[in-house]
Amino acid sequence: MDVRDLLADPELGLSVVAAEPDALDRPVQSAYITDLPDPSRFLSTGDVVLTSGLWLDRPGGAATFLGALAQQGVAAVVLGLIEIGVIPDDVIATCRERGLTLLTVSPGVSFRRIADAVAAQQPGSPAGLASRTMRFSRRIADAVARGGGVAELLGQLTAEFSVGCWVIDETGALLASAGAAPGRAQVAEQWNAVIAREHERRVIVPGPGGPATVVRTGARDRSGFLGVWGDHRAFSDEVTLAVDALVGALRVEMELAARWRETRDAQVAALITSIRDQEASPGAISARMRLEGMAPQDETTIVAARVDDPRFPRAATLEMLQRTLSARGHRVMGCRTDDLAILLVNGAGDDERPLAEHLTEEYHLLLAGRQLRVGLSDPVSGVSRLNSAIATAVERVQNASGTGPVVVSTSLHVQSHRALLRMLGESTRAGYAREVLAPLVSYDERHNADLVGTLRAFLDGGGAWQETARQLHLHTNTLRYRIARIEELTNRDMGTMADRVDLFLAMACLDETE
């Protein structure tokens with residue numbers, strides 16, 4: 001603090017009597033109350049001397065007292081008026097001659113109050129520590145009340161303590177910074193270090209320029225993290241308290257942002273669930289898509305994605321896809337559901353560059369050796385086929401395989417009839433199984449028979465009569481009778497490949513439905 005800071009405090013009642021132009025900028029180190037004729041041996045540079053002027057009664061007292069203060073380079077002298085009434089002209093003249101800053105104080109303010117105020121401003125002292133912390137906390141509270149945001153909060157810490165700091169959100173993105181900021185590789189390293197140690201509130205992350213302390217701003221990863229250069233164990237008490245105050249303020253900001261994301265996420269998840277379960281009408285789906293800025297009349301692709309690490313936040317997976325697809329010119333809305341991120345993507349975009357290549361370049365640092373698997377449905381027109389597109393994307397992400405940081409599975413990667421059937425959607429599979437096998441199911445219910453089981457065994461056995469009869473514990477003639485009954489009820493001929501495939505696929509659809 002300096003002399004100007006003391007004058008700016010209205011509770012101290014100080015005013016200037018005489019001062020050189022730059023004298024008010026002199027730093028203040030301590031306050032000393034004295035009326036000794038010559039206090040020089042007790043004074044140091046930067047002291048504010050508080051005196052009642054009793055030395056004025058001595059011959060040459062003003063010259064001796066003020067000379068001692070000037071010799072020691074004090075910051076200022078405060079002369080009270082209770083004992084002397086008015087300040088003599090020769091005192092004012094001597095102060096100007098010796099370059100002393102002369103102040104006076106209101107009669108209602110004690111020297112002790114001024115001395116305590118000076119002590120409270122000194123770094124390292126208990127009073128100074130409490131005062132500086134309270135001032136910083138007030139500024140933080142004012143910034144929050146004004147809606148200053150994360151960037152302003154960080155700026156307060158950097159301005160007060162000259163410490164570089166930053167905030168990383170739950171998705172691993174650098175949200176804001178003040179002072180020296182970490183690079184992309186450092187941000188990814190810090191974020192991964194914290195999510196890997198879910199039970200530690202503070203994590204020290206070494207780096208080429210020195211360590212950084214990363215602090216959780218909330219009880220869960222969703223609230224994001226505050227980073228500060230340095231090892232928190234070596235922080236001064238002032239910086240430690242200031243960081244704690246900043247974390248408290250950031251917790252409010254980050255929790256509000258997280259709740260907004262979760263609310264929006266829940267709304268989109270409800271829409272996707274209603275599409276998947278065919279509970280929403282095409283009109284309702286179209287209306288909701290328009291509210292999200294999407295064009296339901298355009299072709300829409302469903303994207304499903306996951307990272308097979310339970311500690312990797314699904315919000316980060318969702319954010320990766322949303323940012324990348326938006327950057328490619330698409331309209332996107334997405335959510336987290338179960339262990340997947342699911343997105344509806346429509347609108348013409350710049351898809352000349354492979355999606356896996358784009359995602360790898362942007363996020364391989366954040367993935368840090370993990371693999372992001374992505375399943376893409378085929379584009380569908382309108383909204384009536386979105387449920388089957390969702391099933392297709394989910395099927396493809398579950399069967400995506402490869403060795404790179406990002407694996408994208410599309411229609412080019414269907415490798416089995418079951419994968420092909422799942423692309424049709426649950427309702428289509430169930431409808432096909434019902435149409436083909438309903439006569440057999442009905443017959444079994446009426447006659448307590450097992451024609452469905454017989455058909456399954458016959459098809460699984462490749463149409464081998466004796467082996468199938470042996471597995472079912474039947475005589476071959478009995479098996480032939482049952483197959484003939486199946487052919488009659490389904491109007492299919494087991495001797496033709498086409499009819500046998502119809503029945504085989506119907507059984508596969510029935511199995512998937514069950």
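This passage describes two sheets, a helix pair and two buried residues of a predicted model.

The model is predicted, and local features were accepted at pLDDT of at least 70, side-chain atom pairs only at pLDDT 80 or more, whereas totals for chains, interfaces and linings use all residues. Residues are numbered from 1 along each chain as its sequence is written, and side-chain values rest on heavy atoms, with hydrogens and water left out.

Secondary structure elements are DSSP runs numbered from the N terminus, with helices (H or I) of at least four residues and strands (E) of at least two. Strands are taken as paired if DSSP finds at least two bridges between them. One open sheet consists of five strands in the order 1-5-4-3-2, and its pairing is mixed. Its edges are formed by strand 1 (14-18) and strand 2 (30-33), each of which pairs on one side only. From one strand to the next, the twist averages 30°. Within this sheet, strand 3 (residues 47-51) and strand 4 (residues 76-79) are joined in the parallel sense over four bridges, and Leu-50 has Val-78 of strand 4 as its bridge partner. Helix 3 (residues 89-98) lies across strand 1, strand 4 and strand 5 (102-105), and runs at about 80° to strand 1. Axes here are lines fitted to C-alpha atoms, for helices over the stretch in contact, and angles run from 0 to 180 degrees between N-to-C directions.

Another open sheet of five strands has the order 12-13-11-14-15, again with mixed pairing. Strand 12 (331-337) and strand 15 (406-409) are the edge strands, each pairing on one side only. Neighbouring strands of this sheet are turned against each other by 20° on average, direction ignored. Strand 14 (residues 372-376) pairs with strand 15 in the parallel sense over four bridges, and Leu-372 stands opposite Val-406 in strand 15. Helix 8 lies across strand 12 and strand 13 (340-346), at about 90° to strand 12.

Met-254 is located in helix 8 (residues 237-276). With a relative accessible area of 5%, Met-254 is buried (under 20% relative accessible area, with exposed over 50% and partly exposed in between; 1.4 Å probe, protein chains only). Neighbours within four places in sequence aside, the contacts of Met-254 (heavy atoms within 4.5 Å) are Val-150, Val-167, Ile-168, Asp-169, Leu-175, Thr-217, Ser-223 and Gly-224. Met-254 and Leu-318 are separated by 64 residues in sequence and by 18 Å in space, C-alpha to C-alpha.

Thr-410 is found in the loop between strand 15 and helix 13 (417-422). Thr-410 also counts as buried, at 19% relative accessibility. Apart from neighbours within four places in sequence, Thr-410 is in contact with Leu-376 and Arg-396.

Helix 14 (residues 426-447) and helix 17 (residues 476-490) have axes that come within 8 Å and cross at roughly 125°. Helix 14 is therefore oblique to helix 17 (angles under 35 degrees count as roughly parallel, over 145 as roughly antiparallel, 65 to 115 as roughly perpendicular and the rest as oblique). The crossing is right-handed (the near helix is turned clockwise from the far one by less than a right angle; anticlockwise would be left-handed). Val-436, Pro-439, Leu-440 and Tyr-443 of helix 14 meet Arg-485, Ile-486, Leu-489 and Thr-490 of helix 17. The residues of this contact comprise six nonpolar, one polar and one charged, where Ala, Val, Leu, Ile, Met, Phe, Trp, Tyr, Cys and Pro count as nonpolar, Asp, Glu, Lys and Arg as charged, and the others, Gly among them, as polar.
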